[in-house]
Amino acid sequence: MRYLTFALAKGRLAKNTMQLLKSIGIDCEEMEDKETRKLIFVNEKQKFKFFLAKGPDVPTYVEYGAADIGVVGKDTILEEDRKSYEVLDLGFGRCRMCVCGPKDAEELLKHHEMIKVATKYPKIARDYFYNKKHQTVDIIKLNGSVELAPIVGLSDVIVDIVETGSTLRENGLFVLEEVCPLSARMIVNRVSMRMEYERINGIISQVKEKL
Ligand code: PRP
C-alpha cells in the first residue's frame with residue numbers, strides 16, 4: 001500500500017482536522033509533540049503522511065500531487081484557483097468574505113463609482129466587482145492588517161474576512177456587502193481521486209458521518 005499524503009494549512013485548521021481524523025481512527029502521534037521542528041509526520045502503520053504548509057501553498061501541493069488530500073480555507077481555494085476536487089465542507093473555520101469600510105463608502109458602492117479596494121485577496125475582489133457587480137475598481141494588494149487601509153486613506157473599502165466582527169468594530173468599520181461564506185474544505189488531487197478512489201472515498205464517507 002502506498003502512503004496517502006495530507007497537506008494541512010498551519011494553525012487552527014490543522015488542529016481541527018487532526019481532531020476530526022482522530023475521530024475516524026486516523027492519527028499521528030509524531031504530530032502531537034509541540035516542540036518538534038519536523039516538517040513531515042508519518043503514520044507507518046496506516047500508511048499516512050501529514051505535512052503543515054502555509055495556507056496559500058496547500059492548493060499548490062495538491063494540484064501537483066505532492067499531497068493527495070489538502071485541508072484549507074475556501075478563501076484560499078478561491079484566491080489560488082488551482083486544479084483539484086473540493087470534496088467536503090468541514091464546517092469549521094466558518095466566516096465571511098465581505099466588502100467593508102466606513103459608513104459613507106456605502107454611497108460609492110451604490111453608485112458604482114470608481115473606488116479603491118484594498119485586499120489580501122485580489123482575485124476574489126476582482127471576480128466580485130468585475131464579474132458579479134460589473135463595477136470597475138482599483139484593486140490594491142496588501143499582505144495583512146487590511147483594516148488599516150480605509151483608516152489611513154489608502155483605499156475607500158476593503159475586501160476581507162470577517163469572523164466575529166470585532167476587528168471592524170474596534171476600528172469604526174462596517175460590513176457593507178457580503179461576497180461569500182467561507183469555511184474549511186477538503187480538496188483532493190485529481191489523479192489521486194482515481195488511483196486511490198477506495199481509500200479516499202472511505203475517508204470522505206467516514207468524515208461526513210462525523211460532521
Ligand atoms: C483576519 C481578517 C480580519 C480578522 C477578522 O485577520 O483579515 O482582520 O481576522 O476577524 P474578526 O472579525 O473576528 O475580528 P488575521 O488575524 O488572519 O490577520 P491579518 O490581519 O494579518 O490578515
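In this predicted model, helix α3 supplies five residues to the lining of the largest pocket, the largest share of that lining. Helix α3 spans residues 74-80, and the other elements that give two or more residues to this lining are α1 (12-23), β4 (69-73) and β9 (157-162). The lining comprises 32 residues in total. Nearest the centre of the largest pocket lie Asp-75, Thr-76, Lys-120, Tyr-121 and Ile-161. The space within this pocket amounts to about 790 Å³.

The position of the largest pocket follows from the domains that contribute to it. Domain 1 consists of residues 4-93 together with 183-210, and domain 2 covers residues 95-180. Because both domains give residues to the lining, the largest pocket lies between them. In chemical terms, the lining of this pocket divides into twelve nonpolar, nine polar and eleven charged residues.

The second largest pocket has a volume of about 460 Å³. It is lined by 17 residues, of which Lys-15, Met-18, Met-31, Glu-32 and Lys-34 are the closest to its centre. Helix α1 gives the most to this lining, with six residues. By class, the lining of the second largest pocket contains six nonpolar, four polar and seven charged residues. Helix α1 is thus shared by the two sites: two or more of its residues belong to the lining of the largest pocket, and six belong to that of the second largest pocket.

Conventions: Residues are numbered from 1 along each chain as its sequence is written. This is a predicted model: local features need pLDDT of at least 70, side-chain atom pairs count only at pLDDT 80 or more; totals for chains, interfaces and linings use all residues. Side-chain values use heavy atoms; hydrogens and water are left out. On a 1 Å grid over the protein atoms alone, a cavity is a set of points where a 1.4 Å probe fits but cannot get out, and a pocket is an open set with protein on both sides within 12 Å along at least five of seven lines; lining residues have an atom within 4 Å of a point. Grid points are joined across faces, edges and corners, and a volume is the space filled by probe spheres set on the points. Helices (H or I, at least four residues) and strands (E, at least two) are DSSP runs, numbered from the N terminus. Ala, Val, Leu, Ile, Met, Phe, Trp, Tyr, Cys and Pro count as nonpolar, Asp, Glu, Lys and Arg as charged, and the others, Gly among them, as polar. Domain bounds come from an automatic or database domain assignment.
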